[in-house]
Amino acid sequence: YPRLMSLTIKNFQVSPSGLSLFKDCPRCFWLEKVRGIKRPRGIFPSLPSGMDRVIKVYFDKFRARGALPPELSARPEFRGLRLYENHAQLERWRNWRTGLEFFENGARLFGALDDLLVASDLYVPFDYKTKGSPTSEADATKYYQTQLDCYALLLEANGMKTAGYGFLLYYSPSEVNENGNVAFEIQPIKIETDIERAKSLVRQSAAVTGGAAPKASANCEYCNWLEKFRK
């Protein structure tokens, strides 16, 4: 393992979504990083990115006022929290090309934030999500724990002490009103973060790229399809 690290970690780069792929299937991750073969992808929906854009504009209006939107300020879980005030800095962090970075032994973790909350002198990663219906804490944790762990690590690596948790803010459509105005249900979910867990994933994923292709995950629908095709 140490020899693998020394051979492969140089110039290794990964994002939170890349680490999620590694957790889902090490073989698919290896194929993408080592062979440049990405999983097949269907038509990419544009609605989530459009929602992401307008939500950011909405929150930035309240950031300029030094306040939280009323639908959050009224909730007890947001008591004592405020939006990160440096809009210019946040805009740089929102772009993956100028986002936050963490380096360790030649490996680079990079990511782009949606938003950031502040609790006294501690920082709380804050990410917007859209979904067709309300979700559960278990599902939110299953799919986005790694992302929030990575955001916490990236913030800590840049001298910003985190509070040990992050927030996901889900928007799911509830009804269509007159003139086509869609009403959304808003669902905040608080998730504990662990920067050591993120560091461990970076190390494990870097080590995997230095050897032969690892075994596929038993639950990987892509690798399972290929295996059935071969048979």
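**Figure 1. Contact of helix 2 with helix 7 in the predicted model.** From helix 2, the residues Pro16, Leu19, Ser20 and Lys23 meet Thr146, Gln147, Cys150 and Tyr151 of helix 7. By class, this contact of helix 2 with helix 7 comprises 4 nonpolar, 3 polar and 1 charged residues. The two helix axes come within 9 Å and cross at roughly 135°, which makes helix 2 oblique to helix 7. The crossing of helix 2 past helix 7 is right-handed.

**Figure 2. Contact of helix 2 with helix 8.** Helix 2 also packs with helix 8, at an angle of about 70° and with the axes 10 Å apart. The two helices are therefore roughly perpendicular to each other. Here helix 2 passes helix 8 in a left-handed crossing. Helix 2 contributes Leu19, Phe22 and Lys23 to the contact, and helix 8 contributes Leu201, Val202, Gln204, Ser205 and Val208. The residues of the contact of helix 2 with helix 8 are 5 nonpolar, 2 polar and 1 charged. Leu19 and Lys23 of helix 2 also belong to the contact with helix 7.

**Figure 3. Buried residues of helix 3 and what covers them.** Helix 3 spans residues 26-35, and its residues Cys28, Phe29 and Trp30 are buried. The cover over the buried residues of helix 3 includes strand 1, helix 2 (16-24), helix 8 (195-208) and helix 9 (221-230). Just after helix 3, Gly36 has a positive phi of about 75°.

**Figure 4. The open sheet of 3 strands, with helix 7 packed on it.** The strand order is 1-4-3, and the pairing is mixed. Strand 1 (13-14) and strand 3 (100-104) are the edge strands, each pairing on one side only. Strand 1 pairs with strand 4 (residues 107-111) in the parallel sense, over 2 bridges. Gln13 has Arg108 of strand 4 as its bridge partner. Helix 7 (residues 137-157) packs on this sheet and touches strand 3 and strand 4. The direction of helix 7 makes about 80° with that of strand 3.

**Figure 5. The open sheet of 5 strands, with helix 4 packed on it.** The strands run in the order 2-5-6-7-8, with mixed pairing. At the edges are strand 2 (81-83) and strand 8, each of which pairs on one side only. Direction ignored, neighbouring strands of this sheet are turned by 30° against each other on average. Strand 5 (residues 115-119) and strand 6 (residues 122-130) are paired in the antiparallel sense over 5 bridges. Within this pair, Leu117 has Val124 of strand 6 as its bridge partner. Helix 4 packs on the sheet and touches strand 2, strand 5, strand 6, strand 7 and strand 8. The direction of helix 4 makes about 140° with that of strand 6.

**Figure 6. The hairpin of strand 7 and strand 8.** Strand 7 (residues 165-176) pairs with strand 8 (residues 182-192) in the antiparallel sense, over 11 bridges. Gly166 stands opposite Ile191 of strand 8. The hairpin has 5 residues between the strands, and Asn179 takes a positive phi near 65°.

**Figure 7. Surroundings of Leu81 in strand 2.** Leu81 has a relative accessible area of 9% and is therefore buried, the cut-off being under 20%. Apart from neighbours within four places in sequence, the residues in contact with Leu81 are Leu68, Leu117, Val118, Ala119, Val124, Tyr165 and Phe167. Among these contacts, Leu117 and Val124 are bridge partners. Leu81 and Glu101 are 20 residues apart in sequence, and their C-alpha atoms are 25 Å apart in space.

**Figure 8. Contact of helix 4 with helix 6.** Helix 4 (residues 47-65) packs with helix 6 (residues 87-94) at an angle of about 160°, with the axes 12 Å apart. This angle makes helix 4 roughly antiparallel to helix 6, since it is over the cut-off of 145 degrees. Helix 4 passes helix 6 in a right-handed crossing. On the helix 4 side the contact is made by Lys56, Asp60 and Arg63, and on the helix 6 side by His87, Leu90, Glu91 and Arg94. The contact of helix 4 with helix 6 has 5 charged, 1 polar and 1 nonpolar residues.

Note on methods: Residues are numbered from 1 along each chain as its sequence is written. This is a predicted model: local features need pLDDT of at least 70, side-chain atom pairs count only at pLDDT 80 or more; totals for chains, interfaces and linings use all residues. Side-chain values use heavy atoms; hydrogens and water are left out. Axes are lines fitted to C-alpha atoms, for helices over the stretch in contact, and angles run from 0 to 180 degrees between N-to-C directions. Helices (H or I, at least four residues) and strands (E, at least two) are DSSP runs, numbered from the N terminus. Angles under 35 degrees count as roughly parallel, over 145 as roughly antiparallel, 65 to 115 as roughly perpendicular and the rest as oblique. A crossing is left-handed if the near helix is turned anticlockwise from the far one by less than a right angle, and right-handed if clockwise. Contact means heavy atoms within 4.5 Å. Ala, Val, Leu, Ile, Met, Phe, Trp, Tyr, Cys and Pro count as nonpolar, Asp, Glu, Lys and Arg as charged, and the others, Gly among them, as polar. Two strands pair if DSSP finds at least two bridges between them. Buried means under 20% relative accessible area, exposed over 50%, partly exposed in between (1.4 Å probe, protein chains only).
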